[in-house]
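Reader: Could you take me through one strand and its neighbours close up, and then say something about the cysteines?

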Amino acid sequence: MIVTMNQKNMHIDEGSRVIDLLVSAGLSKRVAVWVNDQRLLQKEYETRQLHEGDRVKVLRPLGGG
Amino acid sequence: MSVFPDAKILDVDLSKGAIDTKTLSGEIYRLYPGGSSLGLYLALQEMGAGIDPLSPENMLIFSVSVLTGLPISGQSRLTITTKSPLTGTIGDSQSGGFFPAQLKINGYDAIIFRGKSEKPVYLYIDGEKVALKDASSVWGKVTGEAEKIIKEELEDEQLEIAQIGPAGENMVKYASIMNMSNRANGRNGTGAVMGSKLLKAVVVKKGKARKAVDQEGFKTLTGNVKERITENEGVEALGQFGTDGELNSHNRDGFLPTRNFSSGYFGDSAKKITGTTMAKTILKGRDTCFSCAIRCKRVVEVEGKVDPFYGGPEYETCAAFGSFCQTENLEDIAVANQYCNMYGLDTISCGATIAFVMECMEKGILTKEDADGMDITFGNGSIYPELIKKIALREGIGNMMAEGSYRMAEKLGPEALPLSVSVKKQELPAHMPQYKPAMGLIYAVNNFGADHQSCEHDPFLTMPADAKEQVWLGMLGINLQYDDQKTLDDGKVRFAIAGQKFYSMMDSLCLCQFSWGPSWQLYGPAELVDACKYGIGWETSVQELMDIGERRINMMRWFNVRDGFSAKDDVLPERLFDPMPNGPSEGHQMKKADFEKARASYYGFMGWDNDGKPTEATLRKLSLNWLLDK
Ligand code: SF4
């Protein structure tokens with residue numbers, strides 16, 4: 001199925017969770033995620049299933065140094 | 001008697017060649033428990049307004065803290081406090097390494113240097129044995145050579161040395177103080193003050209680590225450090241790829257300072273200078289500071305060009321000599337890093353001043369003739385060794401550049417002034433206020449010029465409420481969530497202030513801000529309270545720690561107010577209010593009106609008047625009433 005992540009189409013398996021999408025994009029849990037404009041808690045990344053056409057926004061925090 | 005330990009302070013009068021030892025009672029030390037809090041407390045007792053930073057009247061203070069030298073990550077930091085020749089404000093700079101821990105292990109919390117020596121000297125410390133020694137054999141030598149000679153002369157390899165290079169001797173306004181020849185007290189030109197006093201180095205004999213007073217308790221923090229690192233993705237990546245690991249991510253978002261901050265996008269070139277590329281190419285190994293398990297320091301080697309003895313470039317260095325100057329050759333950047341470490345220069349101000357000159361050349365404000373025939377153009381990193389040496393030795397165009405971009409622009413005229421990307425005459429580090437506006441606010445109001453390690457960075461407020469970063473920020477009273485890091489409003493001002501107080505406290509306790517901090521770091525606020533208890537028997541709280549940070553900020557502010565600094569100096573370069581011109585951030589604009597509103601809120605929340613001066617009530621609240629007579 002296809003979902004969008006930061007406005008780009010992503011092909012993922014049926015039944016994929018948010019964490020699966022993140023991993024397939026080379027990301028970890030250390031990001032902020034919105035699905036269809038709804039912000040998720042970090043613990044929901046493991047449980048929230050994605051559906052065809054979901055709009056996912058991901059922000060990765062960049063710190064200092 | 002206080003339950004808090006007393007501070008032991010060496011007082012070195014270089015004019016008289018006299019060395020004295022003083023004790024500061026634990027009662028007072030608890031209010032100013034090290035770092036620049038202690039440095040400021042000592043400086044403000046004696047230094048009045050109007051002192052020339054390069055005159056014998058300026059005090060140069062080395063300090064560590066009550067926690068320095070304990071066997072835990074991120075406690076070995078040295079603070080230098082002095083009046084800065086670059087900014088004219090209070091000067092403040094930190095470095096890591098092994099020197100800080102060893103100074104404390106030798107029994108000292110601070111060293112005051114006053115006056116000016118008749119001839120070059122260095123201070124030697126071996127416990128109670130403290131002496132000024134002739135430094136004529138090392139004056140004029142680059143750091144690596146000087147280190148070798150001192151060790152040979154003293155017939156001792158077991159030494160830690162903090163020293164200036166030729167840039168400090170020549171009073172370059174952004175000269176650093178180096179230890180291990182690769183750790184820098186880089187910012188604010190503290191090395192120039194050391195040079196003005198003809199003090200080449202401070203040499204300490206190595207001793208054994210301190211022990212925690214409650215070793216069992218302390219082990220709850222240190223025993224599982226490997227697991228802590230593995231579980232913390234940000235910290236683990238820092239160890240793997242160094243601070244430069246995120247350079248390309250900043251670029252991907254369109255906020256990597258490029259071409260003297262005229263853009264935030266370095267295109268595909270960013271990949272060539274980012275930490276992952278460094279790890280695959282010139283990285284030879286990782287290094288660390290005393291007792292730190294993170295090991296974030298880089299050691300790089302390029303045969304015949306870059307000697308691993310001088311370490312390797314940080315993110316700030318890769319940006320300053322890379323994207324600021326549009327240079328995509330990592331080897332050129334590594335060479336520049338080595339030359340800055342050899343000659344003792346702050347890599348940020350040095351790279352930024354070169355980028356400024358490149359833009360002046362491009363705009364015809366400077367000609368090739370002015371530049372001694374050198375081709376100082378964007379993209380030409382091959383000039384770094386020659387140009388850095390000229391700056392350090394104040395030769396040709398280097399003499400003008402040694403004053404920093406702002407003073408140079410003043411000389412070149414009104415067209416050049418907007419091209420100096422600086423606050424209070426100090427060049428900006430490589431984090432763009434357009435992307436991190438709370439940090440941009442702190443750049444402006446910070447008491448010693450723009451600094452990226454004086455508050456937490458905005459993006460962590462985008463994290464979900466149950467993420468570790470947010471849980472720790474909640475301990476500082478910051479329970480906020482943003483959908484975008486680029487917002488600047490009252491919530492962000494509260495975040496900026498809470499972060500500033502916490503970071504200010506860390507610069508008082510001399511803690512590394514990657515090991516300790518209020519969001520992504522290895523240890524958070526609660527662990528710090530535990531470390532104080534188990535480490536030295538200090539029963540403290542987040543509240544007491546935040547007060548320490550706030551006290552330091554207000555002491556700094558008071559120091560500056562006496563010299564005429566006010567709201568007019570708490571500004572950002574105009575260039576930063578222009579819309580972003582290209583790349584992923586194209587069109588984004590930080591509005592000046594939003595910034596000015598935030599600054600007004602900041603003054604109000606801090607208990608300062610509209611001109612940025614602390615009110616009497618604010619000083620009294622912080623037990624700083626004594627400042628009213630200073
Ligand atoms: S995290 Fe890096 S800079 Fe900080 S103490 Fe450890 S090795 Fe040093």
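Author: Sure, and a definition comes first: helices (H or I, at least four residues) and strands (E, at least two) are DSSP runs, numbered from the N terminus. Two strands pair if DSSP finds at least two bridges between them. This is a predicted model, where local features need pLDDT of at least 70, side-chain atom pairs count only at pLDDT 80 or more, and totals for chains, interfaces and linings use all residues. Residues are numbered from 1 along each chain as its sequence is written, chains are lettered from A and ligands numbered from 1 in the order in which they are written, and side-chain values use heavy atoms, with hydrogens and water left out.

Now, the strand. In chain B, β7 covers residues 121-126, and 5 of its 6 residues are buried (under 20% relative accessible area, with exposed over 50% and partly exposed in between; 1.4 Å probe, protein chains only). Its antiparallel partner is β8(B), residues 129-134, with 6 bridges between them; Ile125(B) sits opposite Val130(B) there. The hairpin of β7(B) and β8(B) has 2 residues between the strands, and Gly127(B) takes a positive phi near 60° in it. β7(B) also runs parallel to β12(B), residues 199-205, through 5 bridges, where Tyr124(B) has Val203(B) as its bridge partner.

As for the cysteines, a disulfide is a pair of cysteine sulfur atoms within 2.5 Å, and the count over all chains is 0. Cys318(B) can't make one because its sulfur is 12 Å from the closest cysteine sulfur, in Cys340(B), too far for a bond. Cys340(B) is in no disulfide either, with the nearest cysteine sulfur, that of Cys350(B), 4.1 Å away. Cys318(B) is buried at a relative accessible area of 0%, and Cys340(B) is buried at 0% too.
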